[in-house]
Structure formats: structure tokens, C-alpha cells
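These notebook entries record what I looked up in one structure. I proceed from the strands to the side chains and then to the backbone.

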Amino acid sequence: QVQLVESGGGLVQPGGSLRLSCAASGSIFSINFMGWYRRAPGKQRELVAAITSGDSTNYADSVKGRFTISRDNAKNTVYLQMNSLRPEDTAVYYCNQDLIVRRGEPLRVYWGQGTQVTVSS
């Protein structure tokens, strides 16, 4: 059974940095899309950053130039490097991976458990 395990959240001062990781465990044939979403209190979930199997990336306008998404296919892991953090980045961050468990099976969407990021002085 595939599970996504997130790590790296925490409390950081404005201007600081954090690196989130999301590793998929279990038997996996291939991974297509990988992404990071966040949900702030009182707001809807939003896509923060995404990366395709061809390493094309996409970012929310609010994080462009500050956040970097990357992937390590050998480790089935996606990362989110967050620099110059702001109080408005405070949210629960969720990773998402669209993957195929076995050859011939359909693409399925998996989610991490969420990790809290708090930016505050």
C-alpha cells in the first residue's frame, strides 16, 4: 500500500527558510505529477507548486522567486524549499503525488498527512 509521508514543517521567523519533504513508500511503478498545496485558516486549499515527470514546474504567483520544488525519482520524493518566508505563508502544507502502482493500472492520486508551517516572530 502506498503512503506519502511528509516532514520538515515547523515554526520559523519571517525571512527564514524551511524545506519540506514528501516520500512515497511502497511498491510504485511510476510517478507523474507531484505537487504541494496549502490551506491557511479560513481559506481554501491552493496549489503552491507543481512538477511534472518531465521536470516542468509551476508556481503560485505569491511564492514565485521564493519557493523551489524539486523531485528525486530514485527516492520517490518531492521537496519544497521555502525561502524568505512571510507570515502569510502560514498554513498546513499537503503534498500530492499522482502515480501508478503497477504497470497497466490507472493513475491514482495520493495525499500526504499535512505538515504545519508557521511563520511568526
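**Entry 1. Pairing of strands**

Before reading off bridge partners I fix the term: two strands pair if DSSP finds at least two bridges between them. I note also that the model is a predicted one.

I looked up β1 and β3 under that rule. Strand β3 covers residues 18-25, and 5 bridges join β1 to β3 in an antiparallel run. Within this pair I find Glu-6 with Cys-22 of β3 as its bridge partner.

**Entry 2. The open sheet**

I then asked in what order the strands of the open sheet stand. The order is β1-β3-β8-β7, an open sheet of 4 strands with antiparallel pairing. β1 (3-7) and β7 (67-72) each have a single partner strand and stand at the edges, so one side of each lacks a neighbour in the sheet. For the twist from one strand to the next I record an average of 15°.

**Entry 3. Strand β11 and its partners**

Which strands are joined to β11 by bridges? Strand β2 (residues 10-12) is joined to β11 by 3 bridges, and the two run parallel. In that pairing Leu-11 stands opposite Thr-118 of β11. Strand β9 is joined to β11 by 3 bridges as well, but here the run is antiparallel. Tyr-93 has Thr-115 in β11 as its bridge partner.

I next looked at the faces of β11, residues 115-119. In a regular strand the side chains alternate between the two faces of the sheet. For β11 I list Thr-115, Val-117 and Val-119 on the covered face, with Gln-116 and Thr-118 on the uncovered one. Thus Thr-115, the partner of Tyr-93, belongs to the covered face, whereas Thr-118, which stands opposite Leu-11, belongs to the uncovered face.

**Entry 4. The disulfide**

I searched the whole structure for disulfides and found 1. Cys-22 and Cys-95 form it, with their sulfur atoms 2.0 Å apart. Cys-22 lies in strand β3 and Cys-95 in strand β9, so the pair ties together parts 73 residues apart in sequence. The angle about the S-S bond is 50°, and the link is right-handed.

Are the two cysteines buried or exposed? The cut-off for buried is under 20% relative accessible area. Cys-22 has 0% relative accessibility and therefore counts as buried. Cys-95 also has 0%, so I enter Cys-95 as buried. I add that Cys-22 is the residue already entered as the bridge partner of Glu-6.

**Entry 5. Salt bridges**

I counted the salt bridges and obtained 5. Among them is the pair of Arg-66 and Asp-89, whose closest N and O atoms are 2.8 Å apart. The pair links distant parts of the chain: Arg-66 is in the loop between β6 (57-59) and β7, and Asp-89 is in the loop between β8 (77-82) and β9 (91-100), 23 residues away. Arg-66 counts as buried because its relative accessibility is 7%. Asp-89, at 1%, is buried too.

Which residues share a network of salt bridges with this pair? Arg-38 and Glu-46 are linked with Arg-66 and Asp-89 in the network.

I looked up two further salt bridges. Asp-61 and Lys-64 meet through their side chains at 3.1 Å, N to O, and both residues are exposed. Glu-105 and Arg-102 meet at 3.4 Å, N to O. Glu-105 counts as partly exposed, because its relative accessibility is 27%.

**Entry 6. Rings and charges**

I found 1 aromatic pair in the structure. I then looked up charged ends that sit over rings. The charged end of Arg-19 sits over the ring of Tyr-79 at 4.1 Å from the ring centre. The charged end of Arg-45 sits over the ring of Tyr-37, here at 5.3 Å from the centre.

**Entry 7. Positive phi**

My last search concerned residues with positive phi that are not glycines. Asp-55 has a phi of about 70° and is not a glycine. I locate Asp-55 in the loop between β5 (46-51) and β6. Ser-84, likewise not a glycine, has a positive phi of about 50°. Ser-84 is in the loop between β8 and β9, which is also the loop that holds Asp-89. Ser-84 counts as partly exposed, with 41% relative accessibility, whereas Asp-89 is buried.

How values were computed: Residues numbered from 1 in each chain as written. Predicted model: local features only at pLDDT ≥ 70, side-chain atom pairs only at ≥ 80, totals over all residues. Heavy atoms only, no water. Axes fitted to C-alpha atoms, helices over the stretch in contact; angles between N-to-C directions. Salt bridge = Lys/Arg side-chain N within 4 Å of Asp/Glu carboxyl O. Buried < 20%, exposed > 50% of the residue type's maximum accessible area, 1.4 Å probe, protein only. Phe/Tyr/Trp six-rings, centres within 6.5 Å; stacked < 30°, edge-to-face > 60°. Lys NZ or Arg CZ within 6 Å of the ring centre and 35° of its normal. Disulfide = S-S within 2.5 Å.
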